Structures are given as C-alpha cells and as structure tokens.
Amino acid sequence: MIKVENLTKSFGDLEVLKGINEEIHEGEVVSIIGPSGSGKSTFLRCLNLLEVPTDGKVIFEGVNIADKSVNIDTHRQKIGMVFQHFNVFPHLTVLENITITPTLELKMPKEEAEKLGCELLAKVGLLDKKDEYPRKLSGGQKQRLAIVRALAMHPDVILFDEPTSALDPEMVKDVLDVIKGLADQGMTIVIVTHEMAFAKQISDRVLFMDGGYIQEQGTPDQIFNHPQNQRTIEFLSKVL
Amino acid sequence: MIKVENLTKSFGDLEVLKGINEEIHEGEVVSIIGPSGSGKSTFLRCLNLLEVPTDGKVIFEGVNIADKSVNIDTHRQKIGMVFQHFNVFPHLTVLENITITPTLELKMPKEEAEKLGCELLAKVGLLDKKDEYPRKLSGGQKQRLAIVRALAMHPDVILFDEPTSALDPEMVKDVLDVIKGLADQGMTIVIVTHEMAFAKQISDRVLFMDGGYIQEQGTPDQIFNHPQNQRTIEFLSKVL
Amino acid sequence: EDDNTQKGEGDLLQQILDRGELIVGTSPDFPPMEFIDTTKTGQDQYVGCDIELAKYIADSLGVKLTIKAMDFDAVLASVTTKQIDLAITGITKTPAREDSMEMSDSYFDEEGESGWQGILIKEDKKDVYTSLDTLKGKKIAVQAGSLQDLYVSEQLPDAKKQYITQLNDAIELLNNGTVDAVATAYGTGQDFVKQKSGLYIGEELLFTLNKDYTGNRIGIPKGETALLYRVNDIIKDVKDKHLYEEWYQTALNYDKQKIEGNYLQRVAQIFSIYWPKFLTGLAATLGLALITVIGGTLLGTILALVKLSKNKFVKFLSSAYVEIIRGTPLLLQLWLFVTIFAMFGNDQMIVSVITALVINSSAYVAEIIRGGIMSVDKGQWEAAKSLGMSNQHMMVKIIFPQAFKTILPSLGNEFIMMVKETSLASTFYIGELMTANNVVKTATYFSLETLTITAIIYFVATFTLSKLVNYMERRLSVSD
Amino acid sequence: EDDNTQKGEGDLLQQILDRGELIVGTSPDFPPMEFIDTTKTGQDQYVGCDIELAKYIADSLGVKLTIKAMDFDAVLASVTTKQIDLAITGITKTPAREDSMEMSDSYFDEEGESGWQGILIKEDKKDVYTSLDTLKGKKIAVQAGSLQDLYVSEQLPDAKKQYITQLNDAIELLNNGTVDAVATAYGTGQDFVKQKSGLYIGEELLFTLNKDYTGNRIGIPKGETALLYRVNDIIKDVKDKHLYEEWYQTALNYDKQKIEGNYLQRVAQIFSIYWPKFLTGLAATLGLALITVIGGTLLGTILALVKLSKNKFVKFLSSAYVEIIRGTPLLLQLWLFVTIFAMFGNDQMIVSVITALVINSSAYVAEIIRGGIMSVDKGQWEAAKSLGMSNQHMMVKIIFPQAFKTILPSLGNEFIMMVKETSLASTFYIGELMTANNVVKTATYFSLETLTITAIIYFVATFTLSKLVNYMERRLSVSD
Ligand SMILES: Nc1ncnc2c1ncn2[C@@H]1O[C@H](COP(=O)(O)OP(=O)(O)OP(=O)(O)O)[C@@H](O)[C@H]1O
Ligand SMILES: Nc1ncnc2c1ncn2[C@@H]1O[C@H](COP(=O)(O)OP(=O)(O)OP(=O)(O)O)[C@@H](O)[C@H]1O
Ligand SMILES: [Mg+2]
Ligand SMILES: [Mg+2]
C-alpha cells in the first residue's frame, strides 16, 4: 500500500532520515519505536507529505506522491493521521469537526455526513457530546474525536504519532481501545508509540528506528523478546 | 516534621483542597497518587507555601509557616522542591545552579559551595558537565541537576512533583534511581507521581487524593493490593 | 405695484420706502463685523456691528430690514446688479469698486481699532516704557515673518528679537521676564489685556503706520445718489453718536466670556464654553481613525495574503512596501502625499491626509493579519492538510476563523493608535481634536488650560476604547 | 608709531593710510551680504557682496583689508568705540544710529532688490497679466498672515485668496492651474524664477510700497568726516559702475547650483549639494533618540519595579502615569511640556522637547521592562523561592538576567520607534532630520525631491537598526 524507497530527509544540516526502504502492506498494523529524536515522527509525516522528503520516493497506491506534480490533497484524503496533540478544530463543534472535510472535499451531502459522523461518534462513545465544542472535552475524548475525524474520510491507512503521550494516565486506555478496535477491523495502521505493551499486543510488525535508519524490524515477539541489534537491546532495557 | 491541620485552598470559586489533616514524619517516604486535577500538586505546593493556604496550618518543625508574620525564606531553605519541568536556571552553568543559593543565602564560601556542588554532581554522574549550560543537558540530566540543586541547601525534606512525567521514557530510570538513592539514605521525601511501580517500591506510605480530600492512605501493599475506597479501586483499575 | 420691475436709475431710495423693506447683502463670516450666532435661526442669527449698522439704517428710513447672506464676491456682484439695496460687509474702497458701485463715506476706520501694530508690556512697566524709544535694546518677542517683525526691524532696529511661534507663548515669556515686550496687532493686544490681568497696551507704544488704508464703506448700486446721500447722512449721525464703536465693542464681547479664577476654574470655564468645538474635534478624530483603519484593513489584508503567498516577486514587493512604510515617520508620509497630490492638482488636504493615513495603517495592519494567521497553532494547519483539505478551504474554514480572535483585538489597538496618530493631521488644519485644541488655544489665549482639556479628552477616548478592546479580547478568548 | 594710541577725532582716515590696514567689522550671518564659506579658513572664509565692497574700499585706499567677524550688536558697538574703522554689515539708517555714528550714503537699496513684494505668474501669462489691475478676481496663493497677505487685501481686494503654508506648495498650485498667481517677496520670486523654468515675476506686478525703508549704509566712527567723505566718494564710484549689483548676483549664486534634469537627477543633485545638512540632521535624530531611550529606560525601570511592587497606592500612581502617557498623542505632550517649561522661564526648546520625549518613552519602556520580567517562566520564580532565595536576590540574580533577553531587543525597537517619533520635534525647529528636510526644501524649492531623500535616509537608518536588533535578538536567544 505504501512503499518507501531510499527516503531521506534533512532539516538544514541535520540529516534525520538517511535512506529508508520500507513497505507497509494492506491490513497491516505496524508500530514504530525508538529513542527520542530518532526520526520516528519525521518518517511518519513523510508518508503523507507533511514533511517533503529531501530525496527518495513515497509510493502510495501506485503513485509517487513525493513527486511535485501530484495533487497531494486527494491522496491525503486516503491517508488519515492522528497527532500527539489531537489538533481538533476548536471553533467547530464535535460533529462539525467530523463533517467539515467530507462535505467540503468529498462533496458529501450534509445529512449524509452528519449521519456518518453520528455513527462514528457512537462507536467511540461520544455521541452525547456531538454539539459541544472541543474545549469541553477531556484529552482522551479529544483524541477519540481526532480518530473519528480521520475515519470519516474513509482512509485506506491511518498514521498515529504517539496518540496517547499527551494524555493523563487514566485516559490512555480508552484511546488505545479505540485503536485496537480499528486494528481488529482490518484497518491498515502505522503507529509511533512509547506504549511498548500496547505495541506488543496489536502489531503485526514492529520497526525500531535509531540514527535515521530502521535498525531492526520483525514481529513483536522477535523485537521485544529476541532483539538482535545492540541498540534495540539497549533501548528496550531502558524503557521496559 | 510537617504537620498539616485542616488545610484548605481555593482558587476563586474552585475549592481544590477541602480540609486536609496529615503528618509527614522524619525519614518517611510518602507518595501521593490520584487522578489529574485532584489537588496533588496544590497540596504539595502548600507544604512550602508556594501556594498560600486559604485556611489551616502548615506546621514545619514546630512553626506554623502559613502564618504571615513568619519569614518564609529561611524555612524554605530547609524544604527542597523538585518540579515536573525541572526549572533549572538556564543562564547559569550546572555548577552555578547548585552554588548560587548556598553562597547567597547561607553565606557559604564560594570554594566550599563549589566543593559541595562537585561532590553532589559526581554522585548523580554529572561532574563532567559542571561547566556546561543547562541547554546542553537532556531532560533526565536537568532533573538530576534540579535534585542536586535542592540537596545543596541541606534540606530536611524534599518535595517532588511528578519528577519524571516530562521526561522521555528512556530517561526516567536514571532519575528514579537518584530518588531511590535519597530514600535509601533516609531523606524525608514527599512525592507526587504517576509511576505506580516506583511508588510501590520506595514508599513507606501512599496517599490517594481525590476531590480535595485524602481518600485513603496506607502502606503500598494496603493501597495497591487491598484498596478499600471505591474511588481508589476505580483509579487503580485504570492506571495499572 | 410690482417691486421687481427694473425701475429707472436714481429712484432706489423711493422704491425702498415704497416697499417698506431694505435689503442688505452681507457675508457673515467676518467677526466681529458680521457673523452667525449658531444658537439662533432666521434673521436673528446674523449678528455683529455691521448688522447693527444695517438695522440702524433701516430704522432711520422707517422700513423693515432683510439680511441676505452670501459670500463676499456675491455681495459685490449683487450690489452692482441691484439685487440688493446695500452691501454692508466691511468693504474698503478701491478704484475698481468705485467704478462698479457708489461707495459711502467711511463708517469705520479699521486702523484706529485693529489695523495698528503695537507693543504689549506688563502693566507695572507702563511708566518705564512710555514711547518706542524707551524700548531701545530691550528684548521683544515677535512672531517670525509677521508684520510686527517687519516693524520691529524698521522702527526698533536695535531691540533684541525673540522669535516665537504662538503669541500665547510670548505672554508667558513676558510674564516670567524672559522678554520685556511683545510686538502684536493692537486689537489682539487689547484682547489679551482684556483676558489676562497685569498686561498693558497703549497708543503711545504704536508703530508708525504709513499705509494707505481706507475705512469700511457701504456699497450702493451705481447711480443711486439719492440713496447714497441718505446713507451718508445716517453714517454721519452714527459717527456723531459714536454708535459704531459701541456696536463694535458689543460684537467683540459677543459670547466671549472673561475666563478667570485659578487653573482648575479656568479649565472648567474654557470647557463649558468651548465643549462643542472639542466634541466636533473628537468626532472628527474618531471618524478619521475609523476610516483609516477600515481602509488600512482592506489594503492590509491583501498585503498579508500576498506576503504569505509563494510568488517570490510579489512577496518581495509587498515586504518592501511594508518595510518602507514602517521605516519612515508618519509625519514625512503625510508631507509626501500632500506634496504629490498637490502636484496633480488636488487641493483637498483631507484627501491627501486620509490617503497617507490609510497607506501608513495598511502596513501595520498587514503585519497584524499576518501575525494573526501565523499565530494559529501549526497543528491546525497540519490537521487540515492531513485530512486532504485544499489550501483555500483550509484558510477560509480553519485558519481565518481562528486567526480572527487575535486579529480583532489588534485592529482595535490599531484604531486606538490611530486616534492618537491623527493628531499629526493638525499640521494640515484637518479639523480633528488637535486642530480644535489649536483653535481654542488661539481664541482663549490659555495654552496650558486648553491642552489640559484636550489631553483629558484624548485620554478618556483611548482609555475607554482600550477597555472595550480588552473586553472584546476576553470574550473572544473565552471560547478556547 | 603706536597705532593703538587713542588719537584725536577726525584723523582716522590718516591713521588707516599710515598703518596700511583697514579694519572692517561685519556679522557674517546674512547671506548674500556677508556669510562664511565653510570650505575656507582665515580671511578668505568671509564672502558676500558687503565683503566685496569692503575689499573695493581697501583697494581704493591702497591698504590691506582685515575683516573682524562679530555679532551685529557688537559691530555697532565697536564702530562707536572706534575698535573698527568701518561697519559694513547691511546696516540701515535709524535716528538712534545716526546719533552714535556717521552713516554713509546708501550703497544698496534693499527695496529695489528684495524689499519689494510682487506677484509671481506663469511665464506664458506674461502678456495677460500686465499690471495689478489685470489680476482682478483671479485666484492668488498667499501665505496666511504674511506681508503679501496684507498687500493682496489692500491692493487686490477682490482677488480670491488661496492660503498656503509653504511657498513651494504655491508653485505646485500655480503650475497645475489651481491658482493664477502667487504673492511673494520680489527677491524670493526671482529666486524661484531662477530655479524653476516657466515662471515669471516682473516689476510691472509689484505692489506699491509706501514704507520708509532706507538703504544699506556703512557705519563710521562719530566725527570721522574725512573718512566719511572718502567712503561716500567710493560708494558713488561703486554705484556708477554698478559694481554692487554684480557682487550681489555673484553672492546670490555663490555655491547655489541650478538644480535641473528629471526627477531622479534632481534628487541626486540635491543630495550631492546638501548631504552635510542631511547628515547633521540624521546625527541629531539618532542622538535625540538615544538620549530619549536612555532617559526613558532609567525612568521606565523605576516605574516597572513600582508596578510590580505590592504597595497598592504607588502601584496605582505608576499605572496611571503609564496609562495617561500612552493614552495621549506625543504631539500633545510635546506642546504641553513646551508650554509648561515656557511658564517657568525656559526658552530652550530642546530641554522641553527632550523632557517630553523621555517621559513619553518611559511609559512604553516601563511596559517593556514589566513585560520582560513577566515573560520569565513562572517556574524560575518558583524554583528560586523554593530554594529559599530572598526576593531581592531572586530579582537580581535569577529574573533580571533572563528578562534582559526579552528587554534588550524591545529597547532596540523602542529606539527605532523614537528615530521616527523625533520627527515631531521639527514642529519646534529642533535640528533633527525632519527639520533638515524642511530647511533643504525651502532652500531648493523642490519639495518632492527633498522629501524623497529624507525618506530614504530614515528608511536606511531604521532598516539597518532593525537588522541589528534582529541580529541581537537571535544572538541572545541562541543561549536558550
Ligand atoms: N521542522 C524541523 N526543523 C528542524 N529540525 C527538526 C524539525 N522537525 C524535527 N526536527 C529534528 O529532527 C530530529 C528528529 O525529530 P523527530 O520528531 O522525527 O523525532 P522523534 O523520533 O519523533 O522523537 P520524539 O520521540 O521525541 O517525538 C530531531 O533532532 C528534531 O529536533
Ligand atoms: N493557580 C491556579 N489558579 C486557578 N486554578 C488552579 C491553579 N492551580 C491549580 N488550579 C486548579 O486546581 C485544581 C487542582 O490542580 P492541581 O494542579 O493541584 O491538580 P493535580 O492533582 O496536581 O493534577 P495533575 O495530575 O494534572 O498535575 C485543578 O482543577 C486546577 O485547574
Ligand atoms: Mg515524535
Ligand atoms: Mg500536578
């Protein structure tokens, strides 16, 4: 589904990604772990061109979206993204947060979009909040809203960047449950996370990044229980 | 050592602490846990008058420091505090961060203060950074510096407010190790934390706060393994 | 019996008597001669000593008086074409006028009252300075380039001149002993003496006039000698009874109240007399500021969008525009636009001034809008983009509504800034608050008191506005 | 042979011839009569037509000339006490002067050259406006309150007056047809004609002068009739040869270059001639801004500390001070201080202006400093307090050093603001850049060109300064 070829990304003199080759397959759940500053977020953001790669290809459903001549907007509609800090739209109600993009960009009729929105909200237990403004929501609720907002575009894949690390501990579980639900339904997911237990539980594959490269990858069992790479071993010894 | 009598604190209309009675004994390690917004930080900050209580007494070493006529500065010198966001002084070198208060307030000679500072830095593995500025330090290093800075005043008690929650996961351990070291040496410690495992490990006593009250307290075993209060049970089910 | 029929020459007096009405043309904008009392309406609104003279003439003829107000040129034209019977509006004699109308004897010699130039001194020096000669080598305050400046150079060549810009300042200098005397028009000097105590101006201290002033006269249609003689008779009567001087004094004192008491009392009195002037000034200031900010916002929004665009060239142009405007003083920009507009034949100062203000404001507003847009959390841009929103939808639906919260209070502050900045427009006599200040200052001769009032009005206006802006800011940020 | 011995009366001419030196006193600050060429030194620096006359007299006597420069009063005093032989400095005759010295025949009748007042028209209307009468009913630009204003009222009573503030503006109005003529001093008019093409001023359009001007004369010590007669002979010689007119023209053109070409060429020429004037203005502007910001910082720091203190009353006072200053226009504050200082006898405008600027700036700086202090992370205050630091140590050792980073660039921006704001001081003829602009504008008659140069200088100055401030800001924030 997403194929990355020789992806490099520099910020000025700082080379963050040093040539990454990787393929995300349809229906796969891939976790990305690694120390802070290793380029996890940058990699994830390159997948939907929020960061423009310095070099290399990002082939999404057969099209190299890193190519400047591509209309990136239409492709992004197929790639959902959920951020660490939720980034819900504060000036729109919960329901409007969900319906605005489908109505504007997919020309979905308003009633249809609202019906879809309500269904999705019901699934994550937020239907009673549909006419509230986001400032009334807790962090966990905001993040569930952000997930639902992405889902409303019927994406083929969703990218998560540390979706729980800005949450108070007692709110983490609700959000992880929602993500787990998506994984169970067969959604393609790429998730950067520090929640090792969670990664172990839901992933089909785990990537360990460090120093601008994917140092090691494999099943959760391979990575967490039998890591080979020295850096992986070191990292896991600290966080577990 | 610190005795709190009927401590209440309101911010405007919001009553955060609703009458707390508690005593911290010398040499004790007390952990405070509880949901976000339950008043843990506020309680801790009342202990050294960073928040002025609305009512009640804070008796430190026999003196009610909540009394306006008391010179709070001298008492604060005996109560160390470590913050979530480190709050090291960015314009001073690592060593100066430590020596500035002893030399200014305790009139400690400069050489003596520097000798003390170096000793303390060596203990937490930061001696080689002594002439760096804090911007060169990682989060974990900053927090260790903050602890050492507090120690340099030879406090009788140290208050910690979520000392690891602003840290990247792989840095948490170093900081917790330092705190554990202090506990082992018999320092009186009050610590607000979300690291349940750590609380379980080092505490003599655990306080569970919710709704402006201390709902339940006891040994780690009592609280974590046999909680009685309904709210405690609920809270622990979410975070563990 | 049709009064409008063009009758033969010479019988206008008879016509007047027949119809029982004397029609007098005047240009009521020369106080104290003829001016309008805005508190009255109809014929009553015309006041001044020339009007009194007209009334006296009508009374003497035993007819009713009708005043027709028109501008000075029109008065002269109307008497020539006999549309009015008499032209009484401070007319002096010239050969040209003598050709087109009859001119009465002089009823008032301006020189004797206000045409003279003299020396104002402190009252306690009255016995020291008894003639111009006694002022030899003394320090005399004069307005640079004024008529008095010339007279001092000519007739008091070894006096030391202290140049001043405003006569009021000269009085302060006189009072504190910095200068010994002040050169001024005699009438103005007399006004000062009336307003402030301790001052003196006398005929022994007048400069020698050698100009060929002619007195004020009444214009009468050509050939109407009967009327002319009758008018001259009445003028003689007026002169004999010294009526005009009386009327002149009354007119001078018309609604001019003596301002006295201590500083605070003077402030209160000046405000109670001149508050309409200040109010109009304030309204003009607020209006000018509003127009400026609205114009600035329209222009500034375009600039801000251009600055955020990707086209390097237009981006550079708009940056340069903003930098240049922000890098030069507003006073200079005002002069520049006034000069440029004058070159293209614009003599409406207000247009030049508003253009300069709008252009100045647009550069600041552009930065406000750009700042507002940039202040929207980067996460909002990223969220919108990650959903696949088009740039236009993102700006219109996500970014602008949030930027608005930052922009609106800043525009409020820009408005407050402009309320203050428009004071510079007073350089060009635009009638805003600072101009009103200068007018009242000149009318009352009390600089400090007038400035105090103006300062209070500015402060109250900007303070109230800034409270409003704060309130708006709080209301907008509540929704976060 | 001691020349300094007080000799008897009447033999000064002989003394001059004996010592071979003629000592002439002059006050070299009246171009084109006598002024200083700053590029020269010693006796050579004194130039002008009076100096030429002095040289001619010395040559005629066959002696060496020594010029003594002093101020005008001193020249008059010196000739009375025989410290100089002749006083040649544009002296006119007055009874007082006649008493204290001998006065030569007039060598130059200012009226004929520059004392006259006349009418400036477009060259192509030369044949239309052939006398004052032909201007009847025309629109004439005059400076309000000027001598010409008076003459127009008197001698052209039915002309329409268009009031202007600057003569340059009148020329623009004349060129674009808004007015038909411009009333001006004859000499000034001639200058205009010289500088700009298409203009005309002629003797047929002069106002009738009936003043008692006397020409310029040479002052000679009392009783020195031999010298007087000899000087009068030489003056007659000069007059016969029309020498003075020649010298006058040369002096007028002295270092005055004809500015021509297109707009850009004119800008370049004006700058190449007047750059020292602009440079001095810029230096004064920067100096004034610097003094203001330094003074404002001292006062503002105190205000900021008071505002952060706990004493409610002084807190209120300093808040009120800051609010009032920030709530009123700087122009008004300038007037207020100038007025108040004048009441206390201060006639040094610069002192009033600097006081007003400093007080104005202090209110803004107070907010900068308070803002800087408040911008220090709350955690820093808490950390310092939790360590038991005293308030004073906390402020001095922890808060100020960090606040500094925010404050310093803001003070830099305040300085840039002040560079622009000091332009308002030009209202009071403080010699900063905007004053320099006005001086050059008047000297060249090219408003737009001069304003362009001034704008560029302001822009370059503020742009450079803001780049410096940005650099400083970056450098300071690197350390975070
Ligand atoms: N926009 C940017 N400009 C400059 N440097 C950047 C930018 N974004 C990221 N970086 C740098 O790139 C490196 C990798 O950042 P990235 O956010 O991808 O790390 P990460 O693995 O996600 O870390 P974390 O776990 O802390 O989120 C870091 O050193 C970061 O400072
Ligand atoms: N300075 C303040 N002004 C107003 N309200 C405050 C202030 N400080 C804290 N509060 C409020 O008091 C309540 C308790 O805050 P406190 O920080 O003590 O909670 P906490 O238990 O430490 O939470 P957390 O785990 O999120 O740190 C919260 O509702 C908070 O919003
Ligand atoms: Mg990241
Ligand atoms: Mg807390």
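The paragraphs below lead through two ligand sites and two helix crossings in a predicted model.

The walk begins at ligand 1, which is surrounded by 13 residues, the closest being Ser36(A), Gly37(A), Lys40(A), Ser41(A) and Thr42(A). Two elements of chain A, strand S2 (14–24) and helix H1 (40–47), each contribute at least two residues to the shell around ligand 1, and the largest share of that shell, 3 residues, is supplied by H1(A). Sorted by class, the shell around ligand 1 holds 4 nonpolar, 7 polar and 2 charged residues.

At the level of individual atoms, several polar contacts can be followed from oxygen atoms of ligand 1 into chain A. An N or O atom in the side chain of Ser36(A) is 2.7 Å from an oxygen atom of ligand 1, while a polar backbone atom of Ser38(A) is 3.2 Å from an oxygen atom of this ligand. Glu162(A) also takes part, with a polar side-chain atom that lies 3.2 Å from an oxygen atom of ligand 1. As for cover, ligand 1 taken alone exposes 630 Å², of which the protein buries 60%.

From there the path leads to ligand 2, around which 13 residues are found, with Ser36(B), Gly37(B), Lys40(B), Ser41(B) and Thr42(B) as the closest. In chain B, strand S2 (14–24) and helix H1 (40–47) each provide at least two residues of the shell around ligand 2, and H1(B), with 3 residues, accounts for the largest share. The classes represented in the shell around ligand 2 are 4 nonpolar, 7 polar and 2 charged residues.

Which atoms of Ser36(B), Gly39(B) and Lys40(B) approach oxygen atoms of ligand 2? For Ser36(B), a polar side-chain atom lies 2.7 Å from an oxygen atom of the ligand, whereas Gly39(B) brings a backbone N or O atom to 3.0 Å from an oxygen atom of ligand 2. In the case of Lys40(B), an N or O atom in the side chain is 2.9 Å from an oxygen atom of ligand 2. Of the 630 Å² of accessible area that ligand 2 has on its own, the protein covers 61%.

The remaining part of the walk concerns helix packing. Two packed helices are described by the angle between their axes and the distance between the axes. In chain C, the axes of helix H2 (residues 49–61) and helix H9 (residues 225–240) come within 10 Å and cross at roughly 115°, and the crossing in which H2(C) passes H9(C) is right-handed. On the side of H2(C), the contact is made by Leu53(C), Tyr56(C), Ile57(C), Ser60(C) and Leu61(C), and on the side of H9(C) by Arg230(C), Ile234(C), Asp237(C) and Val238(C). By class, the residues of this contact between H2(C) and H9(C) divide into 6 nonpolar, 1 polar and 2 charged.

In chain D, helix H2 (residues 49–61) and helix H9 (residues 225–240) have axes that come within 10 Å and cross at roughly 115°, and the crossing of H2(D) and H9(D) is right-handed. H2(D) enters the contact through Leu53(D), Tyr56(D), Ile57(D), Ser60(D) and Leu61(D), and H9(D) through Arg230(D), Ile234(D), Asp237(D) and Val238(D). The contact of H2(D) with H9(D) has 6 nonpolar, 1 polar and 2 charged residues.

Notes:
Residues are numbered from 1 along each chain as its sequence is written. Chains are lettered from A and ligands numbered from 1 in the order in which they are written. This is a predicted model: local features need pLDDT of at least 70, side-chain atom pairs count only at pLDDT 80 or more; totals for chains, interfaces and linings use all residues. Side-chain values use heavy atoms; hydrogens and water are left out. A residue is near a molecule or strand if one of its heavy atoms lies within 4 Å of it. A polar contact is a pair of N or O atoms within 3.5 Å; within protein, one must be able to donate a hydrogen and the other to accept it, and residues adjacent in sequence count only if both atoms are side-chain atoms. Accessible areas come from the Shrake-Rupley method with a 1.4 Å probe; for residues, only the protein chains shown count as cover. Helices (H or I, at least four residues) and strands (E, at least two) are DSSP runs, numbered from the N terminus. Ala, Val, Leu, Ile, Met, Phe, Trp, Tyr, Cys and Pro count as nonpolar, Asp, Glu, Lys and Arg as charged, and the others, Gly among them, as polar. Axes are lines fitted to C-alpha atoms, for helices over the stretch in contact, and angles run from 0 to 180 degrees between N-to-C directions. A crossing is left-handed if the near helix is turned anticlockwise from the far one by less than a right angle, and right-handed if clockwise. Contact means heavy atoms within 4.5 Å.
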